[in-house]
Amino acid sequence: MHGDCHLNNMLLSTGPDGYDLKVFDWQLCCRGNAVRDVVYFIANSVTTEVRKEHESTMLNAYYETLVKQGVTDFSMEGCMHAYKLSALDFYYFMVVVLVILDFTSEDALAIRDLIFDRWGGFILDHYPIDLLPARE
């Protein structure tokens, strides 16, 4: 997996044969659940509104590409399960980021807003509050 899959680490151009995608910044590359890259890309690269409208289409396209490339023993249900688990994992990571950020910079405030808006919405859309265990 890439490990830091978002639009700032990609260049997309068009050419005579269609689209050409270049992905860079591979310093976090490692073996792992590649669906994490999909979650990270979707949650960080598009607005909540765009995600809600196109999330299913994007995830289905990802899954269909895996199957066309020869991936077996991985169902769409398994893909969705990995997607939701990866979202929880990244949400935890984002909460940790909130703890260490210095909120005196504009960049840190933008990251905070992204975490609350995009990641918070992502989690609530996939784990509605009424499905979470009650706190005592």
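A disulfide is a pair of cysteine sulfur atoms within 2.5 Å. Keep that cut-off in mind, since cysteines are one of the stops on this tour.

**Before you click**

What you have open is a predicted model, where local features need pLDDT of at least 70 and side-chain atom pairs count only at pLDDT 80 or more, while totals for chains, interfaces and linings use all residues. Residues are numbered from 1 along each chain as its sequence is written, and side-chain values use heavy atoms, with hydrogens and water left out.

**The whole chain**

Start with a cartoon view. You will find 4 helices and 2 strands, in the order β-β-α-α-α-α from the N terminus. Helices (H or I, at least four residues) and strands (E, at least two) are DSSP runs, numbered from the N terminus. Along its principal axes, the C-alpha trace spans about 55 × 35 × 30 Å.

Now colour by accessibility. Buried means under 20% relative accessible area, exposed over 50%, and partly exposed in between, using a 1.4 Å probe and protein chains only. Of the 136 residues in the chain, 32% are buried. For contacts (heavy atoms within 4.5 Å) with a separation of 6 or more, 65% are between residues 24 or more positions apart.

**Stop 1: the hairpin**

Select residues 10-15 for β1 and 18-23 for β2; these strands run antiparallel and are joined by 6 bridges. Two strands pair if DSSP finds at least two bridges between them. Together β1 and β2 make a hairpin, with 2 residues between them. To see one bridge, pick Thr-14 and look across to Tyr-19, its partner in β2.

**Stop 2: His-6**

Step back to His-6, in the segment before β1. Is this residue buried or exposed? His-6 is buried, with a relative accessible area of 15%. Leaving out residues up to four places away in sequence, show Tyr-40, Phe-41, Asn-44 and Ser-45, which His-6 touches. You can also draw a distance from His-6 to Ala-43: their C-alpha atoms are 8.9 Å apart, although 37 residues separate them along the chain.

**Stop 3: helix α1**

Select residues 35-45. This is α1, a mostly covered helix in which 9 of the 11 residues are buried. Among them are Val-35, Tyr-40, Ile-42, Ala-43 and Asn-44. Show the other helices too: the buried residues of α1 pack against α2, α3 (76-100) and α4.

**Stop 4: where α2 meets α4**

Select 48-68 for α2 and 106-126 for α4. These two helices pack at an angle of about 35°, with their axes 10 Å apart. Axes here are lines fitted to C-alpha atoms, for helices over the stretch in contact, and angles run from 0 to 180 degrees between N-to-C directions.

Which residues of α2 meet α4? They are Thr-48, Arg-51, Lys-52 and Glu-55, and facing them in α4 are Asp-117, Arg-118, Gly-121, Phe-122, Asp-125 and His-126. By class, this contact has 1 nonpolar, 3 polar and 6 charged residues. Ala, Val, Leu, Ile, Met, Phe, Trp, Tyr, Cys and Pro count as nonpolar, Asp, Glu, Lys and Arg as charged, and the others, Gly among them, as polar.

An α-helix has 3.6 residues a turn, so residues three or four places apart point the same way.

Centre on Arg-51, in α2. At 2% relative accessibility, Arg-51 is buried. Beyond four places away in sequence, Arg-51 touches Ile-42 and Val-46, along with Gly-121, Phe-122, Asp-125 and His-126.

**Stop 5: Tyr-91**

Move on to Tyr-91, in helix α3. Tyr-91 is partly exposed, at 28% relative accessibility. Not counting residues up to four places away in sequence, Tyr-91 touches Trp-119, Gly-120 and Ile-123. For another distance, try Ile-111: its C-alpha atom lies 13 Å from that of Tyr-91, and the two are 20 residues apart along the chain.

**Last stop: the cysteines**

How many disulfides does a search of the whole structure find? The search finds 0. Select Cys-29 and Cys-30 to see one case: the closest cysteine sulfur to that of Cys-29 is in Cys-30, and at 6.6 Å it is too far for a bond. Cys-29 is partly exposed, with a relative accessible area of 45%.

Then select Cys-79, which is buried at 0% relative accessibility. Its closest cysteine sulfur belongs to Cys-5, 14 Å from the sulfur of Cys-79, again too far for a bond.
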